[in-house]
Amino acid sequence: MERSGVSRRTLGALVLGGALGGAGMGLSGCEGPGETDLTPRSRQFPKDFIWGVASAAFQTEGAQDADGRGPSVWDVFEKVPGHVKDGSDASVATDSYRRFQDDVDLIAGAGLDAYRFSISWSRILPNGEGAVNPAGLDHYSRLVDALLAKGIAPYATLFHWDLPQALQEKGGWANRDTALRLADYAHAVVDRLGDRLKNYIILNEAAVHAVVGHVLGEQAPGLKNVNLLGKVVHHMNLGQGLAIQALRAGRGDLNIGTTLALQPCRPAGGPWAVWNRLASDGLDALWNKAWLDPLLKGTYPKAMDDFLKGGVVQDGDLETIRQPVDFLGVNYYAPVYVRLDLAAPGKIAMAAPPKGAELDAFGRHIDPSGLYEMLDRVRREYGAPKTLVTENGCSDPFGTGPAILNDQFRITYLRRHLEAVLAAREAGCDVRGYFEWTLIDNFEWDLGYTSKFGLVAMDRTTGARTPKASYQWFKALAASGALPSSP
């Protein structure tokens, strides 16, 4: 991430329509407990708990023109003046396409079990479809082999927001055909890498890509058309189901899941709290339930009816979407506070976090109880699936200067959220692993290089990588599995 959520700016353009009209006052998971005491009874993680770090291809690889890679929607988006805060681009990023062995050595040096990376769709299929590019697959084959040589389990995300531009020009996710092309891409990957690459994540934070990229226009593909929302949501869900089928058809020994940006949707208080609850229920239906329900229940929430009208959902689609998964990935950063925009009926806006709340660099509420809340909600409402926390972390304060190496604030943040993970496990949540975001300070989407999430700093002039205090802390935690009670 990651900008995993919608709390940084208002949702002004998002007219929820049916989501408001169909939202009931009793939808769970919206109001949330606020900050609570999450002190676990035991601070020891089990020996088989997975410790890892997560990254994304576009944010790290650079080498945008290397070895036959085709352009993605982010290649196009980043070139438009004003789209990226510092005017930068990802042409170099952390140079991980060329320096992946350095990344692997850093992961191994921290004693971590797993590395979650994403595969660039347009490296494998430069046009999003058609002829496979062997050089692209060769790169990921070398990366997988390098990880396995160090005893690190590779976890590959197939789609982390970088849709091939050629598919976008045919309608992107608003075009049902893109769902079929995702399955073709999955087949190409498993056909070449499935003998060694066993862990797959289909989509990363589909809600972020759907809303922020297609309605708010703040990320690629930079569209501002709420009328696309139903098609984009459904076709991403459908593509996920088809991709899971393709992977299963290719190999019978895979560990397959997907990753959602789960975010508690909490109503703002004050005299309009009842109406704000309608707004938070509506956003919850779109942000959380529109992805959880089809995958794990085979249905859409009623609040999505207006978005999905007009034959978007075809016969058999929900059966295709409801594929068995081996785990559910949960990305968590903060709750979101929501209010109804009384000046514009049907619209919602983000409200400020509660007065006195501790805020991160994005102005979001640092609230580990929100992670507990979403993990426990998955347990209560969706049958307690095996879960991995596939992203969690925090940024330095925004700025163009060097990273903070003595990042005690990050250590405190991680410790508090890992307490929530332990508490969730004690409550019966089947949480099997935790992937910190991220390994190296990277290209942070529309924020460019002004936001730094890494355990390792990188000098963008020399490329030098320097581990931070948090890297050493996370290394010690992975070695012992014992969460310290203080920094």
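Colleague: What makes the pair Arg123 and Glu61 a polar contact between side chains?

Modeller: In this predicted model, the side chains of Arg123 and Glu61 come to 2.7 Å from each other, and a pair of N or O atoms counts as a polar contact within 3.5 Å, provided that one can donate a hydrogen and the other accept it, so the pair qualifies. A polar atom of the Arg123 side chain also lies 3.3 Å from the backbone oxygen of Ala63.

Colleague: Why is Arg123 called buried or exposed, whichever applies?

Modeller: The relative accessibility of Arg123 is 1% and the cut-off for buried is under 20%, so Arg123 counts as buried. Arg123 is found in helix H5, residues 121-124, and, leaving aside residues up to four places away in sequence, Arg123 touches Glu61, Gly62, Ala63, Ala66, Arg69, Tyr97, Asn133, Gly136 and Tyr140.

Colleague: How do you know that the span of helix H15 agrees with its 12 residues?

Modeller: Helix H15 covers residues 469-480, and at 1.5 Å a residue it should span 16 Å; the C-alpha atoms at its ends are 17 Å apart, which agrees with that expectation. After H15 comes Gly481, with a positive phi near 75°.

Colleague: Which residues of H15 are buried, and why can they be said to line one face of the helix?

Modeller: The buried residues in H15 are Ser470, Tyr471, Trp473, Phe474, Leu477 and Ala478. Seen down the axis of H15, these buried residues fall within an arc of 165°, and therefore they line one face of the helix. They pack against several elements, among them strand S1 (50-54), helix H4 (100-109) and helix H14 (408-426).

Colleague: What makes S6 and S9 the edge strands of the sheet S6-S8-S9?

Modeller: The sheet is open, with 3 strands in the order S6-S8-S9 and mixed pairing, and strand S6 (265-267) and strand S9 (348-350) each pair on one side only, as edge strands do. On average, neighbouring strands of this sheet are turned by 40° against each other, direction ignored.

Colleague: How do you know that S6 and S8 pair?

Modeller: S6 and strand S8 (residues 336-340) run parallel and are joined by 3 bridges, and since pairing requires at least two bridges, the criterion is met, so S6 and S8 pair. Within this pairing, Arg266 has Tyr337 in S8 as its bridge partner. Helix H11 (residues 273-296) packs on the sheet, touching S6, S8 and S9, and the direction of H11 makes about 125° with that of S8.

How values were computed: Residues are numbered from 1 along each chain as its sequence is written. This is a predicted model: local features need pLDDT of at least 70, side-chain atom pairs count only at pLDDT 80 or more; totals for chains, interfaces and linings use all residues. Side-chain values use heavy atoms; hydrogens and water are left out. Helices (H or I, at least four residues) and strands (E, at least two) are DSSP runs, numbered from the N terminus. The expected span of a helix is 1.5 Å times one less than its number of residues. Buried means under 20% relative accessible area, exposed over 50%, partly exposed in between (1.4 Å probe, protein chains only). The arc is that of the directions from the helix axis to the C-beta atoms. Contact means heavy atoms within 4.5 Å. Axes are lines fitted to C-alpha atoms, for helices over the stretch in contact, and angles run from 0 to 180 degrees between N-to-C directions.
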